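Biologist: Could you put the model up, so that we can go through it together?
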Amino acid sequence: MTAEAEDTASVEPQDAALWKITLGELDEKMGVKIVEESVQRVVATMPVEGNRQSFGLLHGGASLAVGEAVGSWAAVIHASTMGKTAVGVDVSATHHRSAREGRITITATPIYLGGTLTTHEVLITNDDGERLCTVRITNLLVDRKD
């Protein structure tokens, strides 16, 4: 974590009710499971089976979709400490290798946690811990519209 993220994390209110992750329809269809959720780290898993493209490989779009979801959840958890929510403004992915079977692990950690913007790195790894994809997502923090 960067010094900026550490500085912001240290001033967050300790009694704030953190937002809890709720899976959306696509997340459920993809088989996403939440393993850990906090301001400092969100971890999820997803099976390769059911998320493959026509050549039998993990679909790059599935990696991007799950990476964006996990990174956005991390941003919303941070935003909730300030009574705000987050909306995505930029996402990009680099696919390093693919997988044909097993389960992937998706881990979002903050690069920058600000009062108006967050940036997260999302690592997607296979069962052997090998990096399959790196996603970078930036979210704008906005007031909630209740």
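The chat below goes from the overall fold to single residues.

Biologist: Before anything else, what kind of model is this?
Modeller: This is a predicted model, and features at the level of single residues are reported with pLDDT of at least 70.

Biologist: How many helices and strands are there in the protein?
Modeller: The protein has three helices and six strands, and along the sequence they follow the pattern α-α-β-β-α-β-β-β-β.

Biologist: And what share of the residues is buried?
Modeller: Of the 146 residues in the protein, 42% are buried, while the accessible surface comes to about 7,800 Å², with 49% of that belonging to carbon and sulfur atoms.

Biologist: What about contacts between residues far apart in sequence?
Modeller: If you take the contacts with a separation of 6 or more, 66% of them are between residues 24 or more positions apart.

Biologist: OK, the core. Which residues have the most contacts inside the largest nonpolar core?
Modeller: That core has 27 residues, and those with the most contacts inside it are Met 46, Val 66, Val 70, Ile 104, Ile 106 and Ile 124. The elements giving two or more residues to it are β2 (42-47), α3 (60-80), β4 (103-113), β5 (117-125) and β6 (131-143), and the largest share, seven residues, comes from α3.

Biologist: Is there a general reason why such side chains would sit together?
Modeller: In soluble globular proteins, nonpolar side chains tend to be buried together.

Biologist: Take Val 70, then. What is it in contact with?
Modeller: Leaving aside neighbours within four places in sequence, Val 70 is in contact with Val 42, Ala 44, Ile 106 and Ala 108. Apart from the largest core lies another one, of five residues, and among them are Ala 75, Val 76, Ala 86 and Leu 141.

Biologist: I was also looking at Asn 139. Is that residue buried or exposed?
Modeller: Asn 139, in strand β6, has a relative accessible area of 0%, so it counts as buried. Beyond residues up to four places away in sequence, Asn 139 touches Gly 71, Ser 72, Ala 75, Ala 86, Val 87, Gly 88, Val 89, Thr 116, Leu 117 and Thr 118. The C-alpha atoms of Asn 139 and Val 91 are 8.9 Å apart, with their positions 48 residues apart along the chain.

Biologist: Switching to charges, how many salt bridges does a search of the whole structure find?
Modeller: The search finds one salt bridge, which joins Glu 36 to Arg 41 with the closest N and O atoms 3.1 Å apart. Glu 36 is partly exposed, with a relative accessible area of 30%, and Arg 41 is partly exposed as well, with 36%.

Biologist: So where does that leave Asp 27, and what is the nearest side chain of opposite charge?
Modeller: Asp 27 sits in helix α2 (residues 25-30), and although it is buried it has no salt bridge, the nearest side chain of opposite charge being that of Lys 29, 11 Å away. Because a salt bridge requires the nitrogen and the carboxyl oxygen to be within 4 Å, a separation of 11 Å does not qualify. Outside the four places on either side in sequence, Asp 27 is in contact with Val 32, Ala 69 and Trp 73.

Biologist: Trp 73 again, I think, next to Ile 34. What does Ile 34 touch?
Modeller: Not counting residues up to four places away in sequence, Ile 34 touches Ile 21, Leu 23, Val 43, Ala 44 and Trp 73. Ile 34 lies in strand β1 (residues 33-37) and is partly exposed, at 29% relative accessible area. From Ile 34 to Ala 44 the C-alpha distance is 4.4 Å, and the two are ten residues apart in sequence.

Biologist: Now the outside. Which residues make the nonpolar surface patch?
Modeller: Val 87, Val 89, Ile 111, Tyr 112, Leu 117 and Leu 140 make a patch of about 440 Å², to which β3 (84-95) and β4 each supply at least two residues. Ile 111 is found in strand β4 and counts as partly exposed, at 31% relative accessibility.

Biologist: Last one, where is Leu 57 found?
Modeller: Leu 57 is in the loop between β2 and α3 and is partly exposed, with a relative accessible area of 25%. Its C-alpha atom is 6.2 Å from that of Ser 98, which lies 41 residues away along the chain. With neighbours within four places left aside, Leu 57 is in contact with Asn 51, Arg 52, Ser 98, Ala 99 and Arg 100.

Terms used: Residues are numbered from 1 along each chain as its sequence is written. This is a predicted model: local features need pLDDT of at least 70, side-chain atom pairs count only at pLDDT 80 or more; totals for chains, interfaces and linings use all residues. Side-chain values use heavy atoms; hydrogens and water are left out. Helices (H or I, at least four residues) and strands (E, at least two) are DSSP runs, numbered from the N terminus. Buried means under 20% relative accessible area, exposed over 50%, partly exposed in between (1.4 Å probe, protein chains only). Lys and Arg count as positive and Asp and Glu as negative; His and the chain ends are not counted. Contact means heavy atoms within 4.5 Å. A nonpolar core is a set of buried Ala, Val, Leu, Ile, Met, Phe, Trp, Tyr and Cys residues joined through side-chain atoms within 4.5 Å. Patches are made of residues with over 30% relative accessible area and no salt bridge: like charges are joined within 9 Å, nonpolar side chains (Val, Leu, Ile, Met, Phe, Trp, Tyr) within 5 Å. Accessible areas come from the Shrake-Rupley method with a 1.4 Å probe; for residues, only the protein chains shown count as cover.
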